[in-house]
Amino acid sequence: MLDIIGLSEIDVDVYDAFAGTGSMTVAEIRQRTGVPHQRLLRVLRLLTGKGLLTKLPGPAEAYSAVRPEIALEAMLRQKEQELASARLVADRLRERYRATSGQRPVDLIEVIHGNALIADRTDQLLRSAEQEVAFVDKPPYARTPSVLHPAERDLLGRGVRFRGVYERSALELHDLSSDLEAGLALGEEARVVTSAPLKMIVIDQRIGLVPLRSDLPEVDTALVIHPCALLDALSAVFTFLWQKGLPLYLPGSAEQADVAPSDDARLLALLTTGLPDRSIAKQLGMSYRTFQRRLRDLMTALGATTRFQAGLQVATRGWVTLPVTRPPREEGVTEGADSPSPRP
């Protein structure tokens with residue numbers, strides 16, 4: 001709030017010092033706030049310029065405060081006008097860029113080098129999303145995925161849809177509670193595949209991001225892809241992987257509510273991904289021996305002697321939901337929500 005209206009904490013403290021007073025001289029303000037004289041003079045000029053204070057006539061330099069509902073409302077209205085003007089300029093530049101881009105192949109693909117620049121560009125692209133972010137998550141990474149990306153948290157709060165396909169190997173590198181479960185609890189939709197041909201992010205089906213190579217230990221070069229046939233291909237690949245993947249339901253997600261105890265839900269969700277037992281034990285923060293005992297106890301509670309029987313019992317009780325398999329679409333049939341063409 002302070003950044004928006006251009007005030008510092010000291011500015012607010014000086015303005016707040018006028019509460020319950022009619023007017024004060026500079027000496028009285030300094031005595032009440034303890035702000036050094038020269039600094040106080042700068043603050044008073046700033047507050048006067050913003051319409052929060054009024055300098056009174058007379059030989060003694062004195063000020064009175066303007067009621068906050070009057071002064072702040074005027075400031076906020078001015079900021080809204082400035083923001084509206086900035087949006088008009090941004091829209092005009094965007095249209096100008098769209099009109100001139102796409103005529104040369106070099107305009108369709110940006111090449112970004114360096115982990116820091118890739119991370120910054122990724123954040124910028126994510127925050128431009130208005131409808132949907134679709135991504136395929138697999139190694140390598142520009143930054144190790146330890147917590148939920150701040151942009152995803154903000155966008156989910158604004159109602160932007162997030163659909164993620166995780167390669168099985170990626171699940172071993174994410175933190176279960178602070179990353180995966182945090183995203184699912186906020187509304188992310190996630191599915192898991194055994195392997196994915198590449199990692200990607202596609203935003204509103206208008207721009208994409210892919211690493212240049214997938215055989216390196218970390219991402220050091222990435223490609224930003226603007227509307228072209230390559231971006232259409234990325235959307236098609238994502239749709240194929242999404243339809244092929246198994247849903248990842250962890251405690252906190254809407255689909256997992258009231259269907260299984262949360263302690264067992266984590267174990268069941270990770271079992272359905274096909275992760276090795278030792279990797280599941282590591283994600284759950286327990287020893288391999290403890291994991292085996294927990295699994296035996298769960299199978300006993302389900303009345304199952306094999307994992308196959310346990311899987312049937314879990315599916316029967318609705319603790320794990322499988323995606324609906326759709327027959328191939330015939331020509332002329334209206335496409336559904338998983339089709340690459342309509343936007344959610």
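**A three-stranded sheet and two buried residues**

In this predicted model, S64 is buried, with a relative accessible area of 15%, a value that places S64 in the buried class because that class is set at under 20% relative accessible area. The residue belongs to strand β3, and, when residues up to four places away in sequence are not counted, S64 touches F18, G22, S23, L52, L53, T54 and L56. Of these partners, L53, T54 and L56 fall in strand β2, which comprises residues 53-56.

The strand that holds S64 is part of an open sheet of three strands, arranged in the order β1-β3-β2 with antiparallel pairing. The edge strands of this sheet are β1 and β2, each of which pairs on one side only. Strands of a sheet pair through backbone hydrogen bonds, in either a parallel or an antiparallel sense.

On one side of β3, strand β1 (residues 24-25) pairs with strand β3 (residues 62-65) in the antiparallel sense over two bridges. Within this pairing, M24 stands opposite Y63 in β3, while T25 stands opposite A62 in β3. For the other edge strand, β2 (residues 53-56), the pairing with β3 is likewise antiparallel and extends over four bridges. Here K55 stands opposite Y63, so that Y63 of β3 faces M24 in the one pairing and K55 in the other. The hairpin formed by β2 and β3 has five residues between the strands, and in this hairpin G58 takes a positive phi near 130 degrees.

A second buried position lies in a helix. V14 is found in helix α2, which covers residues 9-16, and V14 is buried, with a relative accessible area of 0%. Once neighbours within four places in sequence are left aside, the residues in contact with V14 are I29, T33, V35, L40, V43, L44 and L47. In addition, V14 and G34 are 20 residues apart in sequence, and their C-alpha atoms are 9.4 Å apart in space.

Taken together, the model presents two buried residues in distinct settings, with S64 at a relative accessible area of 15% in strand β3, and V14 at a relative accessible area of 0% in helix α2.

Technical notes:
Residues numbered from 1 in each chain as written. Predicted model: local features only at pLDDT ≥ 70, side-chain atom pairs only at ≥ 80, totals over all residues. Heavy atoms only, no water. Buried < 20%, exposed > 50% of the residue type's maximum accessible area, 1.4 Å probe, protein only. Contact = heavy atoms within 4.5 Å. Pairing = 2+ DSSP bridges.
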